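Opening the notebook on this one. I want to look up the overall build, the empty spaces, one helix and the charged pairs.

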Amino acid sequence: MDNNAISEWQQILGEAYVIVEESCLQALETATFSTDQSVSAVLKPATSEEVQACLKVANHYHIPIYPISTGNNWGYGSSVPTVSGSVVMDLGRMNQIVDFNEDLAYVTLEPGVTQRQLYTFLKDQKSSLWMDATGSSPDCSIIGNTLERGFGHTPYGDHFAHSCGMEVVLPTGELIHTGFGRFENSQAKSIYAWGVGPWLDGLFSQSNFGIVTQMTIWLMPAPEYFQAFYFSIDQEDKLPGLINALRPLRLNGTIKSAVHIGNHYKVLSSMQQYPWALTQGTTPLPEEVLSELIGNLGIGVWNGSGALYGTHRQVAEARRLIATALRGKVKRLQFLDDQILEFAAQFAKPYQWMTGLNLSRVLQVLKPVYGLMKGIPTETQIASTYWRKKDPVSKANMDPDRDRCGLMWCAPIAPLDGDHAVKVRDIAYRVLGDEFEPMISITLLTERSLSCLITISFDRDQPGEDEKAQSRFHILSQKLAEFGYYPYRIGIQDKVLEKTDSSNQKLLTTIKQSLDPENILSPKRY
Ligand SMILES: Cc1cc2nc3c(=O)[nH]c(=O)nc-3n(C[C@H](O)[C@H](O)[C@H](O)COP(=O)(O)OP(=O)(O)OC[C@H]3O[C@@H](n4cnc5c(N)ncnc54)[C@H](O)[C@@H]3O)c2cc1C
């Protein structure tokens with residue numbers, strides 16, 4: 001690392017915000033899978049002007065910069081940069097909520113604003129608006145996730161589709177605004193995404209074309225009434241019928257939010273760690289043990305959840321349509337609202353006594369998912385990354401990177417069609433099944449698409465597991481691509497974009513060269 005660059009950054013940011021201590025760098029070099037990229041320093045700017053000035057220095061000394069908002073991109077690379085020797089630009093100090101409009105339901109944020117911060121802000125404002133939350137930590141950035149086109153659980157679950165008006169620092173240090181923000185006196189920059197002329201926002205998501213320093217996020221008016229629904233099937237061959245039965249309801253707007261359908265492995269890993277004692281230390285999970293566990297916990301082979309939002313009448317009608325569509329297609333269909341949930345919690349003990357089903361345990365899992373459908377962030381889901389760890393997870397202080405939890409996501413998109421869901425499932429089972437528990441969730445993310453999330457969960461402390469997981473990941477990604485299923489988002493380890501057709505690649509390279517002639521911003525990312 002060039003000492004002149006360090007001292008110039010220190011002049012811009014102050015010494016405290018240019019970090020070169022080995023222990024801090026090491027934490028940023030650690031993901032949930034094996035990586036070998038080194039970090040040479042961390043910069044912590046507090047303003048867009050500081051970001052601009054830092055990038056100018058990086059250009060001068062040809063030093064690669066990797067921006068993170070909160071750096072919790074677990075399963076996709078965490079905060080590890082794309083190339084060795086990079087300087088990580090941590091935008092966590094830029095954590096202002098710079099604008100909020102209750103009437104028009106939007107908020108404008110800086111990248112350090114977390115899910116927890118926005119949730120608390122809306123509560124403090126006594127706002128009648130809901131944010132959307134992901135299942136990741138409440139301490140994840142809203143902008144980091146939106147730029148990755150991540151998703152949550154409410155009707156505003158497709159995050160990028162509910163954002164607009166970016167402020168972006170280009171790799172050479174210029175500042176631009178997208179949409180109507182290009183006009184200084186624009187009245188519409190936070191409420192109309194497209195602006196006029198070419199629409200630039202897409203260029204800055206999942207890319208290395210700029211650092212986003214502000215963005216507007218649209219919020220959802222809390223509905224008059226909310227009801228969640230849960231269903232399960234107990235045979236694999238019922239999966240296509242279930243997906244096809246839900247499609248018309250998603251397409252015609254009866255179901256406005258993402259419906260998530262998880263297989264038994266996925267649900268089990270959210271309820272407990274790997275049953276090492278029952279399996280006497282062997283992996284992967286034997287069929288008999290799986291059957292016993294899911295039987296005891298009342299988990300189906302596939303388990304779905306979704307929610308209805310509207311007036312009491314709208315929800316009642318949607319509920320009727322769902323019950324009709326799923327009749328004979330599911331083993332169990334339950335509707336839950338706040339009242340029923342409270343009642344169930346009170347009577348969990350006698351219920352268990354009468355039926356044998358551990359309702360308290362089921363509610364423990366159900367409640368956070370129920371909350372997510374109302375946009376309430378939760379810490380609970382991170383525990384699932386400790387699935388294969390041998391020590392019990394300490395829920396007060398979870399950090400999958402530090403604790404060497406092994407996690408990789410493969411996230412193909414498929415048409416909203418039962419046969420496609422089956423094809424993706426079968427590929428995952430075939431490629432992973434003899435080593436890992438292929439955890440899958442299938443999300444009816446938009447009206448026409450399924451977002452399938454395949455998890456490889458392992459223990460980085462077990463010799464050989466890192467290599468095995470990497471190898472299976474690449475086979476899985478390759479096999480899915482062979483059948484035409486490409487991911488909605490990729491981690492730093494994924495090579496699938498090498499398959500991009502050459503004319504597309506040529507255009508992207510031309511844009512990159514023109515915006516970033518020194519190739520300093522996240523080289524090779526996407
Ligand atoms: C148990 C569990 C559950 C999860 N559930 C979900 C879920 O429901 N939905 C979901 O989408 N994800 C989920 N995740 C994945 C991940 O943790 C989240 O997507 C998380 O929000 C990403 O981390 P971050 O917000 O800290 O972004 P960061 O790690 O800061 O950034 C992500 C990427 O964007 C780039 N970037 C960040 N900020 C900027 C910027 N300002 N300008 C330009 N580029 C930038 C970074 O270089 C990086 O490549 C889950 C993970 C786990 C372990």
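My entries follow, one topic at a time.

**Entry 1: the whole chain**

First a reminder to myself that this is a predicted model. I looked up the secondary structure and got 15 helices and 19 strands for the protein chain. The radius of gyration comes out at 23 Å, and the globule rule gives 24 Å for 526 residues, so the chain is as compact as a globular protein of that length. For the extents, I have the C-alpha trace spanning about 70 × 55 × 45 Å along its principal axes. I also checked burial: 56% of the 526 residues count as buried.

**Entry 2: closed spaces**

How many cavities of 30 Å³ or more does the structure hold? I find two.

The largest cavity has a volume of about 150 Å³. It is lined by 15 residues, and D132, I142, T146, H159 and I217 are the closest to its centre. Three elements give two or more residues to this lining, namely α4 (115-124), α5 (142-147) and β10 (211-218). Which of them gives the most? That is α5, with three residues. I sorted the lining by character and got seven nonpolar residues, seven polar ones and one charged.

The second largest cavity is at about 30 Å³. I can write its lining out in full: C410, A411, P412, S477, L480, Y485, Y486, P487 and V496. Eight of these count as nonpolar and one as polar, with no charged residue in the set.

**Entry 3: an open pocket**

Next I turned to the second largest pocket, which has a volume of about 1200 Å³. The lining runs to 42 residues, and the closest to the pocket centre are I490, L497, K524, R525 and Y526. Helices α14 (465-482) and α15 (502-515) each supply at least two lining residues. The largest share is from α15, which puts in six. By character I have 13 nonpolar, 19 polar and 10 charged residues around this pocket.

**Entry 4: helix α6**

I picked α6 (residues 239-251) for a geometry check. Its 13 residues reach 19 Å from first C-alpha to last, close to the 18 Å expected at 1.5 Å a residue. Which residues of α6 are buried? My list reads L239, P240, L242, I243, A245, L246, L249 and R250. I also looked at what comes just after the helix, and there G253 takes a positive phi of about 85°.

**Entry 5: salt bridges**

A note before the list: side chains of opposite charge can pair when their charged atoms come close. My count of salt bridges for the structure is 21.

The pair I opened with is R116 and D139, whose side chains meet at 2.9 Å, N to O. R116 is in helix α4 and D139 is in the loop between β7 (129-130) and α5, so this bridge ties together parts that are 23 residues apart in sequence. Are the partners buried or exposed? R116 is partly exposed, with a relative accessible area of 34%, and D139 is partly exposed with 34%. I note that α4 and α5 also turned up in the lining of the largest cavity.

Then I looked at R472 and D434, which form a salt bridge at 2.6 Å, N to O. Why does this pair tie together parts that are 38 residues apart in sequence? R472 lies in helix α14, while D434 lies in the loop between α13 (418-432) and β18 (439-444), so the bridge links those two parts. I have R472 as buried, at a relative accessible area of 16%, which is under the 20% cut-off for that label.

My last pair is D516 with K512, where the closest N and O atoms are 2.6 Å apart. Both D516 and K512 are buried.

Some bridges share partners, and I traced one network that joins R388, E435, E437, E465 and K468.

Definitions and conventions:
Residues are numbered from 1 along each chain as its sequence is written. This is a predicted model: local features need pLDDT of at least 70, side-chain atom pairs count only at pLDDT 80 or more; totals for chains, interfaces and linings use all residues. Side-chain values use heavy atoms; hydrogens and water are left out. On a 1 Å grid over the protein atoms alone, a cavity is a set of points where a 1.4 Å probe fits but cannot get out, and a pocket is an open set with protein on both sides within 12 Å along at least five of seven lines; lining residues have an atom within 4 Å of a point. Grid points are joined across faces, edges and corners, and a volume is the space filled by probe spheres set on the points. Helices (H or I, at least four residues) and strands (E, at least two) are DSSP runs, numbered from the N terminus. Ala, Val, Leu, Ile, Met, Phe, Trp, Tyr, Cys and Pro count as nonpolar, Asp, Glu, Lys and Arg as charged, and the others, Gly among them, as polar. The expected span of a helix is 1.5 Å times one less than its number of residues. Buried means under 20% relative accessible area, exposed over 50%, partly exposed in between (1.4 Å probe, protein chains only). A salt bridge is a side-chain nitrogen of Lys or Arg within 4 Å of a carboxyl oxygen of Asp or Glu. The radius of gyration is taken over C-alpha atoms; the globule rule is 2.2 Å times the number of residues to the power 0.38.
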